[in-house]
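Thanks for sending this one over. Here are my notes, point by point, to read with the model open beside you.

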Amino acid sequence: MRSDCHQHLWPPAFIDALRRRDTFPYLREWTLYLAGEDPYEVDPAAHDVGLRRAREIAEGTGRVLVSLSSPLGIEHGPGHDLIDVWHESALELPDPFHVWAAAAVTEPDPSALARLLRVDRVAGLQLPATALGGPAAIAHVSPLLTELERAGKPLLVHPGPAPAGESGMPGWWPALVPYVAQMHRSWMAWHLAGRERHPSLRIGFVALAGLAPLHHERLTARGGAFAVDPFVFYETSSYQADAITALSRVVGEGAIVHGSDRPYAQPLDQAVFPPALFTTNARRFLTGQP
């Protein structure tokens, strides 16, 4: 089965919930307002379930994992209302769509997560990188990660909200500066403190972890240590051959899994990249099966 481990698709009920809000994040018609980014014009077709499903079927993708958009900042916000709407509506999406669970990180609720992880269509948990930025942060969300280990399901680390006050920068700025820095920091924090706490947890970092493993020489030169972790995976969204090849040389081809970040980027060309990125590597990340 060919998998896409990282997409975003907002079901109608979730869109309606965003439109009812009057604080960040919120929608006005199809304009998205976030605290740390300029208003973003959403393409309605990008969240048309029928169109998206037809496209995946035409491309032959057998499993598409959709997740809550962590840059919205919902996981860091008060209450669980939007997270509940996400789960209820996303779990009603038809095949080939499966779901990454979300969780509030201010007041983690491991019991609620445990119930969700028993649902077959829930692949695992996505957390924002902003909730995994150091040893203390990892300790705070550790009850959630313990439930993931018990369920045998993986964690996906995704960029969180961009810092407020950076409006006026070019549209690509959040994706290239704060998002990449968040991924880099969360990877380093996991390397420092996460694996010791959760020795069997499979974890995937989107956007190739901000290319953090390429700094392994500097890490060791400054007193750190580096070894390839067989339970750490790197999702490809927005990157192509140069970055994927470079990272593969450090962590091995078996650690690279395909994710497109659709509708914000497009899937990799299957004719160009090793089939394992789309199949066996993804299966090992999602299920632990060799």
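1. Start at S3, which stands opposite R63 in β5. The two strands involved, β1 and β5 (residues 63-66), pair in the parallel sense over three bridges. Please keep in mind throughout that this is a predicted model.

2. That pair belongs to an open sheet of eight strands, ordered β1-β5-β6-β7-β8-β9-β10-β11, with parallel pairing. At the edges stand β1 (3-7) and β11 (256-257); each has a single partner strand, so one side of each is left without a neighbour in the sheet. As a general reminder, the strands of a sheet pair through backbone hydrogen bonds, either parallel or antiparallel.

3. Further along the sheet, β6 and β7 also pair in the parallel sense, over three bridges. Here V99 stands opposite V122 in β7. How many of the residues of β7 are buried? Seven of its seven are, and the strand is mostly covered.

4. Two helices are worth a look against this sheet. Helix α2 (residues 49-59) lies across β1, β5 and β6, and it runs at about 110 degrees to β6. Helix α4 (residues 110-117) packs on the sheet too, touching β6 and β7 (122-128), and its direction makes about 145 degrees with that of β7.

5. A helix pair comes next. Helix α5 (residues 135-151) and helix α7 (residues 178-197) pack at an angle of about 45 degrees, and their axes are 10 Å apart. Angles from 35 to 65 degrees fall outside the parallel and perpendicular classes, and α5 and α7 are therefore oblique to each other. Their crossing is right-handed. On the α5 side the contacts come from P135, I138, A139, S142, L145 and E149, which meet A189, W190, L192, A193, G194 and R197 in α7.

6. Now for the nonpolar interior. The largest nonpolar core has 54 residues, and L125, L127, L155, F205 and Y234 touch the most other members. Which residues does Y234 touch, not counting those up to four places away in sequence? They are W187, F205, L208, A209, P213, L247, V251, A255, I256 and V257. Apart from this core lies another, of 26 residues, with W10, A17, L93 and A102 among them. In soluble globular proteins, nonpolar side chains tend to be buried together.

7. A209, one of the contacts of Y234, deserves a second look for its backbone. It has a positive phi of about 55 degrees although it is not a glycine. A209 is found in the loop between β9 and α8. Is this residue buried or exposed? A209 is buried, with a relative accessible area of 0%.

8. A207 raises a matching point: here too phi is positive, about 55 degrees, although the residue is not a glycine. Its place is in the loop between β9 (203-205) and α8 (216-221). A207 has 16% relative accessibility and counts as buried, because the cut-off for buried is under 20%. I would suggest viewing both alanines with the loop in full sight.

9. There are also cis peptide bonds to note. One joins F24 and P25, with omega about -5 degrees, and P25 is found in the loop between α1 (12-19) and β2 (26-28). Another joins D95 and P96, with omega about 10 degrees. P96 lies in the loop between α3 (81-90) and β6 (97-101).

10. Helix α3 also holds S89. With a relative accessible area of 7%, S89 is buried. Leaving aside its neighbours within four places in sequence, S89 is in contact with P11, A13 and F14.

11. Finally, there is an antiparallel sheet to mention. Three strands form it as an open sheet in the order β2-β3-β4. The edge strands are β2 and β4 (37-41), each of which pairs on one side only. Neighbouring strands of this sheet are turned by 25 degrees against each other on average, direction ignored. Between β2 and β3 (residues 31-34), the antiparallel pairing runs over three bridges, and the bridge partner of R28 in β3 is T31.

Terms used:
Residues numbered from 1 in each chain as written. Predicted model: local features only at pLDDT ≥ 70, side-chain atom pairs only at ≥ 80, totals over all residues. Heavy atoms only, no water. Core = buried A, V, L, I, M, F, W, Y, C linked by side-chain atoms within 4.5 Å. Buried < 20%, exposed > 50% of the residue type's maximum accessible area, 1.4 Å probe, protein only. Contact = heavy atoms within 4.5 Å. Helix = DSSP H or I, 4+ residues; strand = E, 2+ residues; numbered from the N terminus. Pairing = 2+ DSSP bridges. Axes fitted to C-alpha atoms, helices over the stretch in contact; angles between N-to-C directions. Parallel < 35°, antiparallel > 145°, perpendicular 65-115°, else oblique. Left-handed = near helix turned anticlockwise from the far one by under 90°.
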